[in-house]
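Student: Could you take me through one part of this model up close? I'd like to look at the greasy side chains, both inside and on the outside.

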Amino acid sequence: MTILDESALPERATIQDNTSEQRGSLGAALRAGAVFLLLGLMVVGFALAEPAFINISNLMSILQAVSVVAILGAGVTVTLAVGGFDLSIGAVAASSVMAASYAMIVWQLDAFATVPLVLAFGATIGLINAFLIVRLRVPDLLATLAVMFLLSGLQLIPTAGRSISTGLILPDGSKAAGAYDPAFLLIGRYSLSATLPVSVVLMALVALVLYVLTERTRIGRLLFATGGNEVATRLAGASPARLKTLAYVISGALASLGGIVIAARVGRGDVSSGGSLLMDAVAAALIGFAVLNLRRPNVLGTVVGAVFVGVLLNGLTMLNAPYYTQDFVKGAVLVGALALTYGLGRNGDR
């Protein structure tokens with residue numbers, strides 16, 4: 001007859017509990033660092049396949065290429081924090097490209113007048129979005145979609161659908177006498193110490209300021225509280241309407257900043273600029289949910305998401321992958337990031 005030693009059961013249970021806790025901690029750590037781990041593996045893999053990938057100039061080129069997407073994605077992140085969504089950012093950025101070009105080519109303004117003017121334009125669009133959403137109670141997707149279409153058509157009217165460059169022929173037949181201010185072009189083309197592009201510095205500054213605002217201040221906590229429970233925000237003595245307005249104004253201003261960088265980089269007001277910026281910025285913001293397993297909008301995650309996609313696309317380009325596969329790759333990365341955040345993460349919490 002087998003005798004069961006009951007005194008050993010609690011000890012065995014404790015060991016099993018400790019093992020489960022260790023596995024859970026390891027799983028949580030892996031989920032939190034998965035994006036960084038994958039990013040590191042990509043860098044190593046591409047560097048081994050193509051040594052030129054790891055060249056400092058190529059790495060800076062990647063950061064420069066994703067800087068605009070990261071800046072716009074940061075704006076999307078702020079609107080997501082308040083439970084909204086800004087579909088107009090791509091159109092605001094494209095319109096800002098045209099506005100900056102028009103200000104210098106037609107109105108003959110310099111960089112110091114053009115930049116504040118364009119930023120004010122973006123902030124004004126943010127106010128219009130907020131008015132539609134907060135005051136008129138239009139759903140955020142519908143309001144920002146309507147503004148997106150409005151801007152897409154409005155930017156074509158002053159030049160009768162033409163792109164803006166030096167020597168532009170205006171609709172009345174006259175010739176524009178202005179030109180791009182060299183100081184303005186430095187924003188998109190100059191590199192500090194011949195290495196670090198100004199646009200990358202702007203991206204870092206935007207990320208730092210918004211990180212501090214959203215993660216380290218009372219306003220940031222209230223922004224997330226608004227997205228989670230507006231009643232709790234009111235009980236905390238804050239106004240959800242004002243917080244939502246702030247979020248959309250920030251989003252509009254950042255979209256205009258992205259348009260300024262594009263205009264300064266290409267030196268031309270191209271009517272087709274900003275075509276893919278919306279989807280790229282949204283993808284970066286959503287990939288950011290998986291960073292550090294936060295499962296919520298966060299600026300650090302958005303920047304990492306933008307860099308992640310930029311590294312992937314740059315590496316594939318250097319390996320001569322067909323250009324038409326890029327959208328598929330972006331989609332696959334986004335699906336993987338969301339599965340990691342909501343699928344594997346949920347299973348690990350059970």
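Tutor: Let's fix one term before we start: contact here means heavy atoms within 4.5 Å. Bear in mind too that this is a predicted model. With that in hand, start at L210: setting aside its neighbours within four places in sequence, L210 is in contact with A74, V78, I250, L254 and V299. L210 also belongs to the largest nonpolar core, a set of 86 residues, where F184, L210, L254 and V311 touch the most other members. So L254 turns up twice, as a contact of L210 and as one of those four best-connected members. In soluble globular proteins, nonpolar side chains tend to be buried together.

Now for the outside. F36, L208, Y211, V212, L292, L294 and L300 make up a nonpolar patch on the surface, and together they have about 560 Å² of accessible area. Helix α7, residues 198–216, supplies the largest share of that patch, with 3 residues. Another member of the patch is L300, which lies in helix α12, residues 299–318. L300 counts as partly exposed because its relative accessibility is 38%, and partly exposed covers the range between 20% and 50%.

Zooming out, the protein has 13 helices and 2 strands. Of its 350 residues, 45% count as buried. Its accessible surface comes to about 17,400 Å², with 66% of that belonging to carbon and sulfur atoms. As for contacts in the protein with a separation of 6 or more, 75% are between residues 24 or more positions apart.

Technical notes
Residues are numbered from 1 along each chain as its sequence is written. This is a predicted model: local features need pLDDT of at least 70, side-chain atom pairs count only at pLDDT 80 or more; totals for chains, interfaces and linings use all residues. Side-chain values use heavy atoms; hydrogens and water are left out. Patches are made of residues with over 30% relative accessible area and no salt bridge: like charges are joined within 9 Å, nonpolar side chains (Val, Leu, Ile, Met, Phe, Trp, Tyr) within 5 Å. Accessible areas come from the Shrake-Rupley method with a 1.4 Å probe; for residues, only the protein chains shown count as cover. A salt bridge is a side-chain nitrogen of Lys or Arg within 4 Å of a carboxyl oxygen of Asp or Glu. Helices (H or I, at least four residues) and strands (E, at least two) are DSSP runs, numbered from the N terminus. Buried means under 20% relative accessible area, exposed over 50%, partly exposed in between (1.4 Å probe, protein chains only). A nonpolar core is a set of buried Ala, Val, Leu, Ile, Met, Phe, Trp, Tyr and Cys residues joined through side-chain atoms within 4.5 Å.
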